[in-house]
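This report describes the structure shown below, with attention to its overall form, its ligands and the spaces inside it. The reader is invited to keep the sequence and the model in view throughout.

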Amino acid sequence: MKKKSWKEIPIGGRIDEGGTAMEYKTGSWRTFKPVIDKSKCINCLQCWMHCPDSCIILKDEKMEGFDYNYCKGCGICASICPVKCIKMEKG
Ligand code: SF4
Ligand code: SF4
């Protein structure tokens with residue numbers, strides 16, 4: 001996607017077109033990223049239910065990892081995990 005100059009950005013930064021969320025790789029905003037220790041994961045999927053950006057990747061209905069293209073590093077998954085197998089690391 002071609003980047004717009006400041007003269008082309010709508011006043012107030014409003015979004016003129018719906019359904020474009022996938023085009024914006026918001027993971028670049030991140031300072032900390034979640035990292036999982038799968039050996040401790042009990043697959044309760046609390047992280048999947050609470051992630052505000054739908055970044056938890058499931059495989060065969062089990063926690064597989066994170067979509068770092070869109071994960072903003074909010075830390076909710078690490079906070080909600082009942083067995084504390086998600087740690088937030090710089091990066
Ligand atoms: S909240 Fe923790 S234990 Fe539950 S699925 Fe996510 S990583 Fe695994
Ligand atoms: S850090 Fe936030 S955005 Fe990233 S996977 Fe966890 S809950 Fe989702």
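A residue is near a molecule if one of its heavy atoms lies within 4 Å of that molecule. With this meaning in mind, the surroundings of each ligand can be described. The model is a predicted one.

**The chain as a whole**

The protein chain contains two helices and four strands. Along the sequence, these elements follow the pattern β-α-β-β-α-β. The C-alpha trace of the protein chain spans about 50 × 25 × 20 Å along its principal axes. For 91 residues, a compact globule would have a radius of gyration near 12 Å, whereas the protein chain has 16 Å. Of the 91 residues, 26% count as buried.

**Ligand 1 and its cavity**

Which residues are closest to ligand 1? They are Cys-41, Cys-44, Leu-45, Cys-47 and Cys-81, from a total of 14 residues that surround this ligand. By class, the shell around ligand 1 consists of 12 nonpolar and two polar residues, with no charged residue.

Ligand 1 sits in the second largest cavity. The space in the second largest cavity amounts to about 80 Å³. Its lining is made up of 14 residues, and those closest to the centre of the cavity are Cys-41, Cys-44, Cys-47, Cys-81 and Cys-85. In this lining there are 12 nonpolar residues, two polar residues and no charged residue.

**Ligand 2 and its cavity**

Ligand 2 is likewise surrounded by 14 residues, and Cys-51, Cys-71, Cys-74, Gly-75 and Cys-77 come nearest to it. The shell around ligand 2 holds 10 nonpolar, two polar and two charged residues.

Where does ligand 2 lie? The space that ligand 2 takes is the largest cavity. This cavity contains about 100 Å³ of space. Among the 14 residues that line the largest cavity, Cys-51, Cys-71, Gly-73, Cys-74 and Cys-77 lie nearest its centre. Its lining comprises 10 nonpolar, two polar and two charged residues. The count of cavities of 30 Å³ or more comes to two.

**An open pocket**

Apart from the cavities, the second largest pocket may be considered. About 190 Å³ of space lies in the second largest pocket. The residues that line it are Ile-15, Thr-20, Ala-21, Met-22, Tyr-24, Thr-26, Trp-29, Asp-53, Tyr-70 and Lys-72. Six of these lining residues are nonpolar, two are polar and two are charged.

The table sets the three spaces side by side.

| Space | Volume | Classes of lining residues |
|---|---|---|
| Largest cavity | about 100 Å³ | 10 nonpolar, two polar, two charged |
| Second largest cavity | about 80 Å³ | 12 nonpolar, two polar, no charged |
| Second largest pocket | about 190 Å³ | six nonpolar, two polar, two charged |

**A residue in strand S2**

Ile-56 belongs to strand S2, which covers residues 56–59. Is Ile-56 buried or exposed? Ile-56 counts as buried because its relative accessibility is 8%, and the cut-off for a buried residue is under 20%. Tyr-70, one of the residues that line the second largest pocket, is separated from Ile-56 by 14 residues in sequence. In space, the C-alpha atoms of Ile-56 and Tyr-70 are 10.0 Å apart.

Technical notes:
Residues numbered from 1 in each chain as written. Chains lettered and ligands numbered in written order. Predicted model: local features only at pLDDT ≥ 70, side-chain atom pairs only at ≥ 80, totals over all residues. Heavy atoms only, no water. 1 Å grid on protein atoms, 1.4 Å probe; cavity = no way out; pocket = protein on both sides within 12 Å on 5 of 7 lines; lining within 4 Å. Sits in = over half its atoms within 2 Å of the grid points. Nonpolar A, V, L, I, M, F, W, Y, C, P; charged D, E, K, R; others polar. Points joined across faces, edges and corners; volume = space filled by probe spheres on them. Rg over C-alpha atoms; globule rule 2.2 N^0.38 Å. Buried < 20%, exposed > 50% of the residue type's maximum accessible area, 1.4 Å probe, protein only.
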